[in-house]
Amino acid sequence: QVQLVESGGGLVQAGGSLRLSCATSRSFVSIYAMGWYRQAPGKQRELVAAITSTGSTNYSDSVKGRFTISRDNAKNTVYLQMNSLKPEDTAVYYCNKLHGYIPWGQGTQVTVSS
C-alpha cells in the first residue's frame, strides 16, 4: 500500500519560509497529478497547490506568488516551498493525489506567529 509521509513543518514568524516534503513509497509521483492540501482548525481541508505529471502547476489565490510546488521523480518526493508566510497559513499540511485520493498521511503542522 502506498504511503505518504509529510515533513518540514514547524513554528515560524510571519514573513518567514518553510519547505515541506512529501515522500511516497512508490514511484507514482511522476505519473499522477499531486497536490498539497491544508486544514486549519475548524475548517475544511483545502487544496492550495497542484502539479501535473507534465509539470504544470496551479495555486489557490490565497498562496499564489508565495508558494511553489515541485517534485523530484527520482526521489518520489513532492515539495512545497512556502515564502512570506502569514498567520492565516497556519494549518496541518498534507499531500495526496489530485484525483482519486489514497490514504492520507499524518500531515505536518505549520504554525505562523504574528
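# A guided tour from lysine 97 outward

Begin by selecting lysine 97 together with its surroundings: leaving out residues up to four places away in sequence, lysine 97 touches Phe28, Tyr32, Ala33, Met34, Gly35, Tyr37 and Ile102. Please keep in mind throughout that what you have open is a predicted model.

**Lysine 97 and strand β9**

Lysine 97 lies in strand β9, and with a relative accessible area of 13% it is buried, since buried means under 20% relative accessible area. If you now add threonine 108 to the selection, you have a residue eleven places from lysine 97 in sequence, and the C-alpha atoms of the two are 17 Å apart in space.

**Tyrosine 37, one of the contacts of lysine 97**

Select next tyrosine 37, which is among the residues that lysine 97 touches and which has its place in strand β4, made up of residues 34-39. Is tyrosine 37 buried or exposed? Its relative accessibility is 4%, so tyrosine 37 counts as buried. From here you can draw a distance to glycine 9, which is 28 residues away along the chain, and the separation between the two C-alpha atoms is 13 Å.

**The whole chain**

Now zoom out and colour the chain by secondary structure, which shows ten strands and zero helices; read along the sequence, the pattern is therefore β-β-β-β-β-β-β-β-β-β. The radius of gyration is 13 Å, close to the 13 Å that the globule rule gives for 114 residues, so the chain is as compact as a globular protein of that length. Taken along the principal axes, the C-alpha atoms fill a box of roughly 40 × 25 × 25 Å.

With a surface switched on, the chain exposes about 5900 Å², of which carbon and sulfur atoms supply 47%, while 43% of the 114 residues count as buried. If you turn to contacts between residues at least 6 apart in sequence, 53% of them join residues at least 24 apart. Colouring by charge brings out 11 positive and 6 negative side chains, and the centres of these two sets lie 5 Å apart.

**The disulfide**

Return to strand β9 and select cysteine 95, and with it cysteine 22: a disulfide joins these two residues, with an S to S distance of 1.7 Å. How many disulfides does a search of the whole structure find? The search finds one. The pair links distant parts of the chain, because cysteine 22 belongs to strand β3 (residues 18-24) and cysteine 95 to strand β9 (residues 91-97), 73 residues apart. The torsion about the S-S bond is about 40°, so the disulfide is right-handed, and both cysteine 22 and cysteine 95 are buried.

**Methionine 82 in strand β8**

The next selection is methionine 82, which is found in strand β8 and is buried, with a relative accessible area of 0%. Setting aside residues up to four places away in sequence, methionine 82 touches Gly16, Ser17, Leu18, Leu20, Arg66, Phe67, Tyr93 and Val110. Threonine 68 is worth adding as well, as methionine 82 and threonine 68 are 14 residues apart in sequence and 6.6 Å apart in space, C-alpha to C-alpha.

**Two loop residues with positive phi**

On one side of strand β8 in the sequence, select asparagine 76, which lies in the loop between β7 (67-72) and β8 (77-82). Asparagine 76 has a positive phi of about 50° although it is not a glycine, and it is buried, with a relative accessible area of 18%.

In the loop between β8 and β9, select serine 84. Phi of serine 84 is near 50°, again a positive value in a residue other than glycine, but here the relative accessibility is 41%, so serine 84 counts as partly exposed.

**Serine 7 in strand β1**

The tour closes at serine 7, found in strand β1, which covers residues 4-7. Serine 7 is partly exposed, with a relative accessible area of 36%. Apart from its neighbours within four places in sequence, which residues is serine 7 in contact with? They are Arg19, Leu20, Ser21 and Thr108. Leu20 was also among the contacts of methionine 82, and threonine 108 was the far end of the distance drawn from lysine 97. As a last step, select glutamine 109, which is 102 residues from serine 7 in sequence, while the two C-alpha atoms are 8.5 Å apart in space.

Methods. Residues are numbered from 1 along each chain as its sequence is written. This is a predicted model: local features need pLDDT of at least 70, side-chain atom pairs count only at pLDDT 80 or more; totals for chains, interfaces and linings use all residues. Side-chain values use heavy atoms; hydrogens and water are left out. Helices (H or I, at least four residues) and strands (E, at least two) are DSSP runs, numbered from the N terminus. The radius of gyration is taken over C-alpha atoms; the globule rule is 2.2 Å times the number of residues to the power 0.38. Buried means under 20% relative accessible area, exposed over 50%, partly exposed in between (1.4 Å probe, protein chains only). Contact means heavy atoms within 4.5 Å. Accessible areas come from the Shrake-Rupley method with a 1.4 Å probe; for residues, only the protein chains shown count as cover. Lys and Arg count as positive and Asp and Glu as negative; His and the chain ends are not counted. The place of a charge is taken as NZ of Lys, CZ of Arg, CG of Asp or CD of Glu. A disulfide is a pair of cysteine sulfur atoms within 2.5 Å.
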